[in-house]
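Here is a short briefing to read alongside the sequence and the model. Please keep both in view as you go through the points.

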Amino acid sequence: MRHTRSHTANRRSHHALKSPELAVCKNCGGNHRPHHMCLDCGFYNGKMVLDLAAKKSEREARMNAKREAIRAQAGDTTPAPVEVK
Ligand SMILES: [Zn+2]
């Protein structure tokens with residue numbers, strides 16, 4: 001059944017998105033979801049629950065090893081290009 005424009009607009013008046021609630025991290029001062037670990041520093045309630053810095057360096061080492069392996073397979077002897085981030 002066809003609704004009037006005002007009925008449609010009335011129904012849609014409740015469809016707006018709310019901005020997410022954010023808490024401030026006690027360790028780094030950044031924003032994180034309340035009752036969730038801070039994704040910037042890995043702290044929750046003042047305690048480190050995940051060593052994000054170590055994870056990042058581990059990942060970096062893994063990626064470098066992979067890159068080296070690919071380059072070795074390709075027979076490339078030039079030094080690896082320095083990544084700029
Ligand atoms: Zn933090």
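The notes below cover the overall fold, the metal site, the last helix and a surface patch.

This is a predicted model, in which local features need pLDDT of at least 70 and side-chain atom pairs count only at pLDDT 80 or more, while totals for chains, interfaces and linings use all residues. Residues are numbered from 1 along each chain as its sequence is written, and side-chain values use heavy atoms, with hydrogens and water left out.

**Overall fold**
- The chain has two helices and four strands, taken from DSSP runs and numbered from the N terminus (helices: H or I, at least four residues; strands: E, at least two).
- Along the sequence these elements follow the order α-β-β-β-β-α.
- Of the 85 residues in the chain, 11% are buried (buried means under 20% relative accessible area, exposed over 50%, partly exposed in between, with a 1.4 Å probe and protein chains only).

**Zinc site**
- Cys 25, Cys 28, Cys 38 and Cys 41 each offer SG to the zinc ion, at 2.2 to 2.3 Å (donors are N, O and S atoms within 2.8 Å of the metal, or 3.2 Å for Na, K and Ca; water is not among the atoms, so sites may look incomplete).
- The angles between the four donor atoms run from 107 to 116°, so the arrangement is tetrahedral (for four donors, all angles lie between 85 and 135 degrees).
- The donor residues follow the spacing C-x2-C-x9-C-x2-C.
- Cys 28 sits in the loop between β1 (23-24) and β2 (31-32) and Cys 38 in the loop between β2 and β3, so this pair ties together parts ten residues apart in sequence.
- Cys 28 is partly exposed at 40% relative accessibility, whereas Cys 38 is buried at 0%.

**Helix α2**
- Helix α2 (residues 52-74) has 23 residues and should span 33 Å, which agrees with the 33 Å between its end C-alpha atoms (the expected span is 1.5 Å times one less than the number of residues).
- Gly 75 follows α2 and has a positive phi, near 75°.
- The search of the whole structure finds one salt bridge (a side-chain nitrogen of Lys or Arg within 4 Å of a carboxyl oxygen of Asp or Glu).
- Arg 71 and Glu 68 meet in a salt bridge at 3.8 Å, N to O; both lie in α2, three residues apart, about one turn of the helix.
- Arg 71 counts as buried at 19% relative accessibility, while Glu 68 is partly exposed at 41%.

**Strand β3**
- Tyr 44 lies in strand β3 (residues 43-44) and is partly exposed, with a relative accessible area of 34%.

Technical notes. Tetrahedral: all angles 85-135°; square planar, octahedral: opposite > 155°, others 65-115°.
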